[in-house]
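Reader: I am new to this structure. Please take a close look at a single helix and tell me what surrounds it.

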Amino acid sequence: MTDDKRPTFGIVGGGFTGTMLAVHLIEQSPVPVRILQFDRAAAFGSGVAYSTPNDKHLLNVRVGNMSAYDSRPDHFIKWLEGCAMEAGAEPRGPFVSRGLYGQYLRSTLSACLAAHPASSMIGIDAEVVSLTAGATSVELRTADGARHTVDRVALCVGNFPPALPVKPRTGEAGEAHYIANPWSGDLSRIGRDDTVILVGTGLTMVDVVLDLHSRGHRGNITAVSRRGFMPLPHRDVGPYQAFLTPDTLPKTVMALTRRVRREVEAAAANGVDWRAVLDSMRPQTQALWRGLPVAERRRFLRHVRPYWEVHRHRVAQPVAAEIEALRRAGKLVVMAGRLQSVELGATGVSMTVKARGDNSAQQIDGTWLVNCSGPQLDYDRISDPLIRSLFDLILARPDSLSLGLDLGENYRLVSKSGVASEVLFALGPPIRGNLWETTAVPDIRKQCEAVARHLTGTAA
Ligand SMILES: Cc1cc2nc3c(=O)[nH]c(=O)nc-3n(C[C@H](O)[C@H](O)[C@H](O)COP(=O)(O)OP(=O)(O)OC[C@H]3O[C@@H](n4cnc5c(N)ncnc54)[C@H](O)[C@@H]3O)c2cc1C
């Protein structure tokens, strides 16, 4: 028990979302607050994306769009300039390392705590496994059995890794040659000359290939996905006038794709790159998603999503160039096909893939298999203890497409019976079903500010 009278907030997750929510709570609250932040990986102030020590892992968004504050767009650039001045160096290019971004986040939090000494924040290195919600308080239980009582809880738990699209057959060695989570640090087990199979050809695959390459890996790498699409490179493009307005948002996927194609063609005729057209859609993306009926959202996921992902979530040019060089040198082979079977043996891995196009069955053998297939987009299949417990205790339910958690106004979790909670909130990737684009900093930073305003009673 504590006689501390400060409002107390529990934040589950130490990544960008949890960190910036804490910053806004402290900065916006008219009274000092107390925050308990939980992270099972102790990734406080960095999370999955910004923990990497590898300098080749660059941000995939330009520094000018990566301010932690929506209302202070040059905050990150000013911080970078300050660092450069201190080191007597030139300011860096448009895509800095993700590790440096983690430093920026931690420095932003430290500055906030220093400016508000009556507020406090405690990082708890533990996994939250269940919540008990009362009318005005919540009890969090961690995997070690400890219990903590707070006034409100915000889930900032990020993405969850997916299972392989087929269930692997395992021998006596079990999963000795399978790396299910590329962020677990297990890539260091891969020998320099080992052959590696990657399932997935998106941003995670790119990270893994760069990681292996910078460790001096010389073996061959095969990356497989249904379509074999890889993220496209950024280019310097100027602003493009918004062509979708709130009153003209298409209500079907067919109308949307036609409209975008038409605009891209018109832009190209004027010498404007498609990237500028796509970037101009950013402010409308969430409204566009919310305006689509559920059946249309489903259609988008089935038919358009793979194209959307590679055009919308691009990589820095140096990253794309390095990947392309590895492909040309034959070190990286990218294949389009559907996984048929996976066998995990004592000395390696064998996989059968039905190749896209000719449907021929191809066997791929390797020493290692790494699952790079991106975040789990089916919350019905998530085995995470906290999410399962929220569903079992009917405190939360999946959204209508099971892409994440169902949400009411002001980011309140909706229970199985459809009631929006007064004490439980969710932000960031887990609310994908409600907003679709909710994984990048420019989307999440707005949410952190809005939730903090609601929780501190300072909303306009
Ligand atoms: C490799 C990678 C690169 C990216 N690059 C960019 C980029 O350049 N620009 C950009 O805008 N976006 C990028 N993103 C998107 C990124 O998801 C967001 O920018 C942002 O980092 C998401 O932060 P988050 O805090 O919501 O999630 P995360 O960073 O995933 O943090 C969630 C944290 O919650 C913890 N957690 C989860 N469940 C529990 C539990 N039950 N108990 C305790 N702790 C728990 C986890 O340990 C984790 O540390 C990238 C994402 C990845 C994966």
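Author: What follows describes helix H4 and its surroundings.

This is a predicted model, in which local features need pLDDT of at least 70 and side-chain atom pairs count only at pLDDT 80 or more, while totals for chains, interfaces and linings use all residues. Residues are numbered from 1 along each chain as its sequence is written.

Helices (H or I, at least four residues) and strands (E, at least two) are DSSP runs, numbered from the N terminus. H4 covers residues 203-214, twelve residues. The expected span of a helix is 1.5 Å times one less than its number of residues. For H4 that gives 16 Å, and the end C-alpha atoms are 17 Å apart, which agrees.

H4 is mostly covered, with nine of its twelve residues buried. A residue is buried if 20 or more other C-beta atoms lie within 10 Å of its own, exposed if 12 or fewer, and partly exposed in between, with C-beta atoms placed from the backbone. The buried residues run from Leu 203 through Thr 204, Met 205, Val 206, Asp 207, Val 208 and Val 209 to Leu 210, and Leu 212 is buried too.

These buried residues pack against strands S10 (196-199), S11 (221-225), S12 (332-344) and S15 (368-371), and against helix H9 (317-328). Two residues are in contact if their C-beta atoms, placed from the backbone, lie within 7 Å.

An α-helix has 3.6 residues a turn, so residues three or four places apart point the same way. Just after H4, Gly 216 takes a positive phi of about 85°.

Elsewhere, 33 residues surround the ligand, a residue being near a molecule or strand if its C-beta atom, placed from the backbone, lies within 6 Å of it. Helix H1 (16-28) gives the largest share of this shell, three residues.
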